[in-house]
There are 2 protein chains.
Amino acid sequence: MMSGLRAITVVGTGLIGASAALAARKAGATVRGWDPDPEVLRVAHEREAVEPAATLADGVAGADLVLVAAPVAELPHVVREVLDLGSADCVVTDVGSTKSAVCAAARGDARFIGGHPICGAETRGPDRANAELFAGATWFLTPTAGTGPELLRAVHGFVTSLGARPIAIDAGAHDRLVAVTSHLPHALANVLLNQAGAARVDGHDPLQAAGGSLRDMTRIAGANPRIWVDIFLDNREAVVAALAEHRRRIEQLEAALTAQDGGQLARWIAEAATNRRRMLATAYGDPGELQRLRVHLPDRPGVLAGIFQALGAERINVQDFEMEHLSTDRGGTLTVIVAGEEEAERASALLEEQGYGVVLAPVIDA
Amino acid sequence: MMSGLRAITVVGTGLIGASAALAARKAGATVRGWDPDPEVLRVAHEREAVEPAATLADGVAGADLVLVAAPVAELPHVVREVLDLGSADCVVTDVGSTKSAVCAAARGDARFIGGHPICGAETRGPDRANAELFAGATWFLTPTAGTGPELLRAVHGFVTSLGARPIAIDAGAHDRLVAVTSHLPHALANVLLNQAGAARVDGHDPLQAAGGSLRDMTRIAGANPRIWVDIFLDNREAVVAALAEHRRRIEQLEAALTAQDGGQLARWIAEAATNRRRMLATAYGDPGELQRLRVHLPDRPGVLAGIFQALGAERINVQDFEMEHLSTDRGGTLTVIVAGEEEAERASALLEEQGYGVVLAPVIDA
C-alpha cells in the first residue's frame, strides 16, 4: 500500500464504493464500510469488500482515509458530515461525477480533495463490485490552492494503488471539462433519439429504419435517470453553456446549408476529421495508419470463433473490433480495426478465403 | 436471376457500382459497365465485375436494366442521359443517398425508379468491390404514383437478387427520413467534435480527456467530404428542418435545466430509454433481456482469443461485442452483450475464472 494509508473507510458501499474497497484490500489496506442502507452494507460485507461499521461515526473513527461514494446529490452533506466526524489527520475524498458543489461544501478543509474516477460504471448495488473496476481508468483529483502537497500525494498514491491514473484539475475546470466530454454527449444522444422517436415520415418510423449512424449516436441515450438527473442539475451552469454553444454552431451550419456554401461545409468536415485524428491519437499512436475491415456475418454460432481463430493463427494484431446485429434474421456487421495497410491486406485476404466479402477503408479519410 | 433481367449495365463502376455488378453476376446476370474515368472502368473489369463498354450509349444499348451509381451531384444529369439513350423497355434505377433531385430529373419517366442501398460503404474505387456488400442491407426504392407494378416488381427482384431487402417509400419521404436517421446524426457528430476540439478548459484538451461517450458520439464525424458535402447540400431543406427542430429541443432542455426541473429531465431520459428499447427491438427481439458485460483487458496478444474460446466452449451465445482501446499503454475495454440474466451470469463467471473483473448491467435500464 502506498503512502502509508492502511486504514480505509468507504462511505457508500454500492458498486463504486465496494469496488474501491476490494481494490484497496487487494493493495493491502484494511477496509471498513458504512452505508445508510443496511442491505447494501450487508451485501458489501458478504462480498468481502468491507468490514461493516455500526454507524457513520464508528466507521470514520480511526480511518486514515475516508472515500465517500454517495450519489451526487448527497455528496456535499455527507462529505461535510465526514469532515466533522473525522480526526485532524483523516484524509477525505469522494467519487462524484461533478466537483464544484462538493468542494464548496468542504469549505477549503485542508483534509479534503475531490475525486472522480472515469470508469463508465453506473451506480448499482455492491453485488457486482470488483477490484478491477478502476484498472487503467482516469481518476480526476481536484486540489485547491490551499491543498498541501502531502495530502495530494496521499490521495494520488491511494488512487494509483487502486489501478487508476490520477489527473489533477481545478474543480470548476473539471465540471466544464466533463460538461463537454460527457454531459453534452449524453444530452445530445437523448435529444436526437427523442427527435427521431417522435418523427413519423409518411408512415415510416425512423427508429425502425435506423442504420448504424443513429445507433452509434444514441448508445448512451436513456442512461440511468437516478444518476443523470442529478448530474445534469448539479452541473447545469456548465451544461447550459455547452448547449448554448452547441446551438450557436448548429445555427452556423444551417446558415451554410441555406447559403449552399459547399466550401464552408468541406472545411467543417475537414476540421472534424482533424479533431477525430487528434482524439484517437491518445488511444492508438498513429490513427492515420488504422484500417477498418467490415464484413456481413450470418446469425450462426461458431462464425466468430472461426474468424478470430484465423486472424490469431496468422498473428494479425487486431486493434479494435465490433460486432453489431442488424436484425434478428439478417445477422450483423463485424468491424475489425488493424494498423497498417499491409496488415489490413493480410486480414482481408484471410476473411475472403473464409468466404466473406470485405469492405476495407481507412478509419480516417485522408 | 429473378424477373428476367439478364442484361445489366452499371454506369459508374466505383465501389458500389462494381459491387452491385459482382452480386448481379453471381446471381446469373450478364453485366456490362461504363465509367467516365477509364482507370476506374479498367479496374472494375480487372476485378471481373463488368465487361467494359466503349461509350455510355454503347453500354446502355441492349440493357434490360441500367443501374446508375454516380456521385449524388452527378446523378440527375446522368440518369436523364441514360433515360434518353435507353430503349423503351429499359429499366433504370440508381443508388444515390438522396432521392428527390434524381427523381425530379427523371420527370415521371415510366422506366425509372430511384433506389438507395444502406450498406454503410463510402464511395471508393472498384478495387475493393465485393459481391457481399448488400447482403442483408435495406435498399430503399422510391416509386411514384405513375410507377407501373411490373417496373416495381422488376427492380424489387433485381435488388433482392443482390441480397438486399427492398423497402418502397416516396422519394420526398425518403429524404426526410434519412435526414433524421443519417444526415442529422452525421451533422451532430461533426458539430460536437468541433466544439470539443475548439475548447480548452484550464489547459486541458477535451479531446485528450475524451471518455467513451464522446468517442461513441463522434465515430461518424469527419466522414468523406467528397460525399458528404453533396449529400448535405442536396438534402439541405430536410436537413435544415431537422437541425431547427433539434435546436428547439435543445432550448427546451436548457429551459428545464435553468428551471432546475428534475421531473422534466427524468421524463425526458425515460422517453429516450423507451425509444432506445424500440429502436433495438428490430435487431434483438427483446432488448430488455440484454445484459452488458464489461472487462478491462491488458494490451497483450492472445487475450481475446482466450476469452472467445472460453465463451464458445461454454456455448455462450454472444449477441454483440466490442473492443475499444483506452490508450496505447492502458489496454482497452471489452464489452460483450448476451441475452438473459442466466446467460450473463454464466459468461460473467467464466470471465472471472480467467481473472477478469466483470461489470455486469442491463443494456436498457428498467
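A residue counts as buried here if 20 or more other C-beta atoms lie within 10 Å of its own, as exposed if 12 or fewer do, and as partly exposed in between, with C-beta atoms placed from the backbone. By that yardstick, 54% of the 366 residues of chain A are buried. The model is a predicted one, with local features needing pLDDT of at least 70 and side-chain atom pairs counting only at pLDDT 80 or more, while totals for chains, interfaces and linings use all residues. Residues are numbered from 1 along each chain as its sequence is written, and chains are lettered from A and ligands numbered from 1 in the order in which they are written.

Chain A has 13 helices and 12 strands, both taken as DSSP runs (H or I, at least four residues, for helices; E, at least two, for strands) numbered from the N terminus. Its C-alpha atoms fit a box of roughly 65 × 55 × 40 Å along the principal axes. Two residues are in contact if their C-beta atoms, placed from the backbone, lie within 7 Å. Of the chain A contacts with a separation of 6 or more, 68% join residues 24 or more positions apart.

Now to the sheet in chain B. Strands pair if DSSP finds at least two bridges between them. Eight strands form an open sheet with mixed pairing, in the order E3-E2-E1-E4-E5-E6-E7-E8 (chain B). Strand E3 (51-52) and strand E8 (165-168) of chain B sit at the edges with a single partner strand each, so one side of each has no neighbour in the sheet.

E5(B) is worth a look of its own. E4(B) runs parallel to E5(B) and is joined to it by four bridges, with Leu67(B) partnered by Thr93(B) in E5(B). E4(B), helix H4 (residues 75-85) of chain B and E5(B) make up a right-handed β-α-β unit; right-handed means that, with the strands pointing away from the viewer, the path from the first strand over the helix to the second runs clockwise. Both faces of E5(B) are covered, as Val91(B) and Thr93(B) on one side and Val92(B) and Asp94(B) on the other are all buried.

Nonpolar cores are sets of buried Ala, Val, Leu, Ile, Met, Phe, Trp, Tyr and Cys residues joined through C-beta atoms within 7 Å. The largest has 243 residues, and those with the most contacts inside it are Ala21, Val66 and Val68 of chain A and Ala21, Val66 and Val68 of chain B. Leaving out residues up to four places away in sequence, Ala21(B) touches Val10(B), Thr13(B), Val31(B), Gly33(B), Ala44(B), Ala49(B) and Val50(B).

As for the pair of chains, copies are superposed by least squares on the C-alpha atoms of residues with pLDDT of at least 70 in both. Chain A lands on chain B after a rotation of 180 degrees with 0.0 Å of shift along its axis (RMSD 0.0 Å). The two copies are therefore related as by a two-fold rotation axis. Both use the same surface, with 100% of the contact residues of chain A recurring in chain B. The contact takes 122 residues from chain A and 122 residues from chain B. H7(A) gives the largest share of the side of chain A that touches chain B, 20 residues.
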